[in-house]
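Reader: Hi, I have a structure open and some quick questions. Can we go through it together?
Author: Sure, go ahead.

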Amino acid sequence: MPRTLTLDPSASRPAYRQIADALRAQLVAGDFSPGELLPPVRELAVDLGVHHNTVAEAYRSLAEEGWLELTRGRGATVREREVKSADSGVQERFTRQLRELLAHALAEGLSPQDIEKTLERVRRDGLFGRK
Amino acid sequence: MESLIFIVSTLAPTAFLVGIAWVLPGWSAPGLFFGVSVEKAHPGTPEGRRAVGRYRAILLGFGLLALAVELVLHGFVLRELGILIALFGFFLAYLRAHKLTRPHAIPEPPRVASLGERPRLAPLAWAQLLPFGILAGVSLALWHAWPSLPASLYTGAHGPSGLILVTKTPLSVFGTPLMGALCCGFLFSLAAGWITRGRRLANDRFGASSLMAWILIASEILMALGTGGAGLTPLMSDPTGWTAAVTACFMVLVLGFLVGLMTVLVVRSHRAPPVAAAGDNSPDRGWKLGLLYVNRADPALFVPKRFGVGFTINFGHPAGPWVLVLPLAIIGVVSWLVAAAGHGAF
């Protein structure tokens, strides 16, 4: 299965955030090995039909998080990222965001069983990576 | 020989056009139908089948009319009239089907991009030199023979009753290979632009980028053979006899290329898309009738066609119109100069 990136033009989340989130999910899952090059900003922007700055912004935010190394002339390289130990703030934020997401899914009509099945499928697909 | 030329140069292209247009509705990317974003299952619904039926009925009607005109009025009207009628029918058929499909349009589906490496022009990069090499060889032969060429000669220029004698000038003698080189350069720049600045779709089952490189090199070689062959005319003492034979051979080559291309496309159209994504990563509002793409917000200079195989220009891109207009203007001006050089006919 070729590696792909999906962007929903009708979603309320900004495009750069969607791109960064989708790439981060693949980086967490170990789909990219350290040292691998991501597509150049211009190529990905042309393929997705978005402005170059949108892709550049997504790459910048991933670089700030320590996932990528941006080098002029070479592009975006995947970095070997050290796993930090999460503080209590991260745990709280994650719990709050998860509650909000679950409430949103229930409000949209998904049943608790549907949500559980989805979580199981995501776990099976390698949510926590192949490390 | 006359009838062979008539078949391969007049009837066959018209039949080929109708044949390829017949299968085009099934070749669009999943989720696109007659230039409109629709549900993936729409082509199989009664409304989808009705649109295809109407499209093919109009196409077939005009196609038969075109062939009849070519057969019955052969020699009395423009040789291109038949193909023009077939093209007009194709356009009308498409517009009708597009209109029938528009009410079933859906909001733009998610855009999907491949994160794999983009294919490069290599290994065909050096092969691009071959057509220019052919034309350079023809020009060298003409250069070598220049002192012995008569003051009035045949250059391939046609009048109402066949080949005409023209005055020997550098432009009249070297004009044909020069035109060939310009056309090859235009083809090359278009295809190189498509491969490096065009949108690549993750759900492309035709492998459009690599296919385009092969189509490019084959078209350039055909162009170089055609213009190179015509460019050698001044070296013939009596070209009137062999011109028909060479033209027939060349037309057979072109026809063979087209049939080969169609076979490749038909075989590839049965492949499953590498990614199960819908649409072509461009919004419906950027498309005019599903044929012309004008979107200033899109950085792509070339985008895949919504109907058919190949690419089209994003006319909303700052360089979009120039990519087409500038080379065509240069070719037009040089073509006019070459034609004017041939007007010194005896």
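Reader: Which residue forms a salt bridge with A:Arg17?
Author: A:Asp21 does. The closest N and O atoms of the two are 3.8 Å apart. Keep in mind that this is a predicted model.

Reader: Where do A:Arg17 and A:Asp21 sit in chain A?
Author: Both are in helix 1, residues 15–28. They are four residues apart there, so about one helical turn separates them.

Reader: Is A:Arg17 buried or exposed?
Author: In between. A:Arg17 counts as partly exposed because its relative accessibility is 25%, and the cut-off for buried is under 20%. A:Asp21 is partly exposed too, with a relative accessible area of 23%.

Reader: Which residues are linked with A:Arg17 and A:Asp21 in a network of salt bridges?
Author: A:Arg13, A:Arg24 and A:Glu65.

Reader: How many salt bridges are there over all chains?
Author: The count comes to 12.

Reader: OK, chain A in general. What is its secondary structure?
Author: Five helices and three strands. From the N terminus, the order is β-α-α-α-β-β-α-α.

Reader: And what box do its C-alpha atoms fill?
Author: Roughly 50 × 35 × 30 Å for chain A, along the principal axes.

Reader: How much of chain A is buried?
Author: Chain A has 131 residues, and 29% of them are buried. Here is another number for chain A. Take the contacts with a separation of 6 or more: 50% of them join residues 24 or more positions apart.

Reader: New topic: the two chains together. How many residues does each give to the contact?
Author: Chain B gives 23 residues and chain A gives 22.

Reader: What area is buried between them?
Author: About 1800 Å² between chain B and chain A. Carbon and sulfur atoms give 58% of that.

Reader: Which three residues of chain B supply more of its buried area than any other three?
Author: B:Arg111, B:Leu115 and B:Pro299. They supply 40% of the area that chain B buries against chain A.

Reader: How many salt bridges are there between chain B and chain A?
Author: One. The side chain of B:Arg200 meets that of A:Asp47, at 3.6 Å from N to O. For polar contact, the count between the chains is nine residue pairs, both residues at pLDDT 80 or more.

Reader: Which element gives the largest share of chain B's side?
Author: Strand 3 of chain B, residues 111–114, with four residues. By class, chain B's side has 11 nonpolar, four polar and eight charged residues.

Reader: Which strand of chain A pairs with strand 3 of chain B?
Author: Strand 1, residues 4–7. The pairing is antiparallel, over four bridges. In it, A:Thr6 has B:Val112 as its bridge partner.

Reader: Back to B:Arg111. Which residue does it form a salt bridge with?
Author: B:Glu108, with the closest N and O atoms 2.5 Å apart. Both B:Arg111 and B:Glu108 are buried.

Reader: What about B:Arg199, which residue is its salt-bridge partner?
Author: B:Asp298, with the closest N and O atoms 2.5 Å apart. B:Arg199 is in the loop between helix 5 and helix 6 of chain B, and B:Asp298 is in the loop between strand 7 and strand 8, so the pair ties together parts 99 residues apart in sequence.

Reader: Are B:Arg199 and B:Asp298 buried or exposed?
Author: B:Arg199 is buried, and B:Asp298 is buried as well.

Definitions and conventions. Residues are numbered from 1 along each chain as its sequence is written. Chains are lettered from A and ligands numbered from 1 in the order in which they are written. This is a predicted model: local features need pLDDT of at least 70, side-chain atom pairs count only at pLDDT 80 or more; totals for chains, interfaces and linings use all residues. Side-chain values use heavy atoms; hydrogens and water are left out. Contact means heavy atoms within 4.5 Å. Buried area is the accessible area (1.4 Å probe) that two parts lose on being put together, summed over both. A salt bridge is a side-chain nitrogen of Lys or Arg within 4 Å of a carboxyl oxygen of Asp or Glu. A polar contact is a pair of N or O atoms within 3.5 Å; within protein, one must be able to donate a hydrogen and the other to accept it, and residues adjacent in sequence count only if both atoms are side-chain atoms. Helices (H or I, at least four residues) and strands (E, at least two) are DSSP runs, numbered from the N terminus. Ala, Val, Leu, Ile, Met, Phe, Trp, Tyr, Cys and Pro count as nonpolar, Asp, Glu, Lys and Arg as charged, and the others, Gly among them, as polar. Two strands pair if DSSP finds at least two bridges between them. Buried means under 20% relative accessible area, exposed over 50%, partly exposed in between (1.4 Å probe, protein chains only).
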